[in-house]
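Let's take a walk through this one together, from a single side chain out to the whole chain and back again. Have your viewer ready.

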Amino acid sequence: MIREILHTKRRFLSLFVMSLLAVGFLAGLRMTAPDMQNTVDHYYDRQCFMDVRLLSMLGFTEEDLQALSQVPGVKAAEGSRTFDALAGEDCVNVLEMPRQINLLDLTEGRLPQSPDECVTEVKILEALHKEIGDTITIDTRESFDSVLEEDPLTKNSAEGSHSTRHTFTIVGVVRSPLYISRTRGGSNVGSGSVTGFVVLHGECFSRDVYSTIYLTLEGLDRYNCYTDDAYKDQVDEFIDSLKPLAVERAAIRKKQVSDEVTYTDMVSALLLGLSESGSGGSAMSGLETPSGEWYTLGRDTIRSYVEFSSDAERMGNLADVFPLIFFLVAALSSLTSMTRMVEDHRAEIGTMKALGFSTAAISVKYIGYALAASLAGGGAGLLVGCTALPALIYYEWGILYLLPALEIGISPLVALYSLGAAVLATAGAAFAACYATLLAKPAELLRPRAPKPGKRIFLEYIEPLWSRLSFIQKVSARNLFRYKKRFWMTIIGIAGCTALLATGYGLRDSIFDVLTWQFDDLMPYNATISIDTGLTPSERTELMEALEAEPGIESFMSCYSTGVSVRTDEGTADNVSVRSSSGWGTLSEDGGYPIAEDYFCLYPRADGLRRYGRVGDLPRLAPTDDAIVIDEKLADNLGISEGDTIRLLDNDEKEYPVQVCGICENYVGHYVYMTPACYTKVFGEKPRDNLILVKTVTDEKKNGEAQESGEGANLSPSERDDQTAGSGADLSPSERDDQTAGSGADLSPSERDDQTAGSGADLSPSAVAQRVSKMKGVITYSSIDETRDHFNESMKSLDVVVWIIIGAAAALAFLVLFNLTNINVTERVRELATLKVLGFYDGETASYVYRENIILTLMGAALGMLGGKWLHRWLIGTIEMEYMIFGHGLHARSYFYAILLTVVFSMSVNFFSYFYIRKIDMVESLKSVE
């Protein structure tokens, strides 16, 4: 066997490399997601990451903390004081230094030891151009307590009694398990986008009330929080058991705050000497104490935790499917190689059978040859794939996450079935080839296989075409169709490689297509504003007028948004967003809803196939007062069709039946669209708008404002109010909603430019966000562009995997083509030697083979395009997640790149084969067996 390996180095090497690629690709991708999940899970365990957190608008007292620490199953409980503030122009999360839960990971420097010191993360140092030893100033002017209106930080001797600026020395750089994602979400402070976090000593905080309480639970550190269902089940069970205590302590806390407010009012009145008249009081006078309800949440409400879990799930889905297709192509090439090897040794096998060797003894050589190639290549692939591939992908994920060093592991199960698949593909092919040959008698094996009898091919029956072919063309045509087995093996092998390449490129198209389709076509607004539902009618009117007067906003529409679950007989979908707008109440003459349709583009379902160039011509769907519209992925997951009745579930699991009248195109998330009247019928209460969809001024409008002027530009705010819808103070909230839905949308772009031209306001997205965030009643301002950018970055975690797939598919394509060409030349060596004896030059002899290879390549590539379309559609359907649809179509460029690479590889293989053809020994090749 060793002599055979040395004699057929090229064949052995091709089997070795195919096994290496197949096993390395399969095992490497399969281990990437578990390695990353195990690494982060162990990091959470080391840093004592919380299992449960509790939030309340009124905060928590020390008594609350003590009560929670005594609950059975609680391992540790710790209160934390946090708030958002400004550091320069950047919004930062200010955290209290943890002592036993959510421990900091110190990467440089030391932790704070005094109240005038702090630690922060790399993002803050980069944004503020700071380093260890520098000072950082935290401005709390927008961070005062919402209940008692006091500075959340204490004053030191260097700060004035009325100053909101607090200076600290940076002594270290840390990472926190609360923030493994590089994005930090939104805030109502500053620009509305959080840059990073700053951690302060506990003595820096002025209040004794905790804003958050973190809990760790006993026995959960033995589970992997990402992969073990037992972890989530035990956390959910604990959260349910905590409800009675939460209700009891929330009522106590609300009474405490009410007493504090009353006492503050009395003290303020006495100090002003107005206690008898009752005209004085604190800022809290006349305000209702906020609810003290406890919100008990698990890790799955932490943004970075959920994002990492979703990305790892996408990686796992991709790894489960694509390598199997890879193995099928490699197995086909291995079968071809081993069949050719056994055919080359027919005489040797016949001799051994004639000498009395058993079938098992004869087959050991060939099966051993295949085992040696598959085990050696598979072992190398296992080592390289399970180390290099996860490390490369993990490094690329550093674009999105702040992660600890990767912990590489090799699962025995993954190693076993990866190597087993490689052995089955090669050794199994060798056994199949031997078995067919060993059934023949020795006398038959000792003679060369008789050439196939000449037959007319179908082209010969097409006389006008056949008569116009040259002699060489006729020979090539006969050679192509005469050996049907070789013809189909080559066609299928090339088609498989082309299909893999097309699928790889198409997978990248499908992932990034949804960004444009979802955030440009289906969501034409640029930002969302969450507003306080507790605003009075006059306060709501003032907010609407302030938004109308904002020069950076082109138009807006208010709506109601809430979360529900959807249940059918086939299952339940959580985290479904309900959108209800009065914009569906205004019907135009052409039967549409122009206000709502400017913000909600509800096209009929597309099944992942975007109708390019015809989108504007498609009909629009709209909910009715009796039925709703849902997104297509939700319909697919739960088996919902138009006309079906589904059940909506609130937080208390109460069910509300409603009929579906339409299924709309959507790619990210789950949505239910309903009119306010329908919402009222279903839930028994009127929706109160809490979300505003905003279209901001575009770059073109910014340029137009600098060049245009109009009469409205010089209007005073009061005059501008007179020109708009009026004060609206006497209108009910629903009437106001009807009048102001799309308020700014009622103005044409040119009219809006006229009103805002010359204002001199900064129209950059961050400036607009900062001004809007400061308006009374605004909770958060969220930019859709930031959401899109974050989603784009998240998809890049898959992009590197796609390029790895394309690279591996390209390498496999080259190997398959090389193997098939090598076999083609080897089995026709007598034919080629005859041509050389007849006087053919080396180039003419090579072109004799090349011509056939080129034709087979083009035919295989054409078949591969059809296979690629089917394979891509199947793969996309397999790796899609519950809340996302990828594009199901292949771009023309994907086909082009796949065919181009296939042709390039074919030409490269032809080039290398030329040197082998030149070395054919005519005398040795033409020797007869006799």
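Is Phe-458 buried, partly exposed or exposed? Keep in mind that this is a predicted model. Phe-458 comes out as partly exposed, because its relative accessibility is 48%, and the cut-offs put anything under 20% as buried and over 50% as exposed. You'll find Phe-458 in the loop that runs between helix 11 (442-445) and helix 12 (463-466). Phe-458 also has company: with Tyr-461, Ile-462 and Leu-465 it makes up a nonpolar patch on the surface. Taken together, those four residues offer about 430 Å² of accessible area.

Now zoom out. The protein chain carries 28 helices and 20 strands. Of its 930 residues, 51% are buried. The chain exposes about 42,100 Å², and carbon and sulfur atoms supply 56% of that area. As for how the sequence folds back on itself, take the contacts with a separation of 6 or more: 81% of them are between residues 24 or more positions apart.

Helix 14 is a good next stop. It covers residues 484-522 and bends by about 25 degrees at Phe-512. Of its 39 residues, 31 are buried, so the rest of the structure largely encloses helix 14. One of the residues in this helix is Asp-509, which is buried at a relative accessible area of 5%. The side chain of Asp-509 meets that of Arg-893 in a salt bridge, with 3.1 Å from N to O. Since Arg-893 belongs to helix 27 (residues 892-918) and Asp-509 to helix 14, the pair ties together parts that lie 384 residues apart in sequence. The two partners sit in different accessibility classes: Asp-509 is buried, while Arg-893 counts as partly exposed at 43% relative accessibility.

Salt bridges deserve a longer look. Side chains of opposite charge can pair when their charged atoms come close. A search of the whole structure turns up 27 salt bridges. Go to Arg-81 and you'll see a salt bridge to Glu-96, where the closest N and O atoms are 2.9 Å apart. Arg-81 is in the loop between strand 2 (74-80) and strand 3 (83-87), and Glu-96 is in strand 4 (residues 90-96), so this pair ties together parts 15 residues apart in sequence. Arg-81 is buried, with a relative accessible area of 13%, and Glu-96 is buried as well, at 6%. The pair belongs to something wider, too: Glu-78, Arg-81, Glu-96 and Arg-99 are linked in a network of salt bridges.

For another pair, try Asp-842 and Lys-836, whose closest N and O atoms are 3.6 Å apart in a salt bridge. Here Asp-842 is partly exposed, with a relative accessible area of 26%, whereas Lys-836 is buried at 14%.

One last acidic residue before we finish: Asp-151. Look for Asp-151 in the loop between strand 7 (135-139) and strand 8 (165-175). Despite its place in a loop, Asp-151 counts as buried because its relative accessible area is 8%, under the 20% cut-off. What does the side chain of Asp-151 make a polar contact with? The partner is the side chain of Thr-140, at 3.0 Å.

How values were computed:
Residues are numbered from 1 along each chain as its sequence is written. This is a predicted model: local features need pLDDT of at least 70, side-chain atom pairs count only at pLDDT 80 or more; totals for chains, interfaces and linings use all residues. Side-chain values use heavy atoms; hydrogens and water are left out. Helices (H or I, at least four residues) and strands (E, at least two) are DSSP runs, numbered from the N terminus. Buried means under 20% relative accessible area, exposed over 50%, partly exposed in between (1.4 Å probe, protein chains only). A polar contact is a pair of N or O atoms within 3.5 Å; within protein, one must be able to donate a hydrogen and the other to accept it, and residues adjacent in sequence count only if both atoms are side-chain atoms. Contact means heavy atoms within 4.5 Å. Accessible areas come from the Shrake-Rupley method with a 1.4 Å probe; for residues, only the protein chains shown count as cover. Patches are made of residues with over 30% relative accessible area and no salt bridge: like charges are joined within 9 Å, nonpolar side chains (Val, Leu, Ile, Met, Phe, Trp, Tyr) within 5 Å. The bend at a residue is the angle between axes fitted to the seven residues ending there and the seven starting there.
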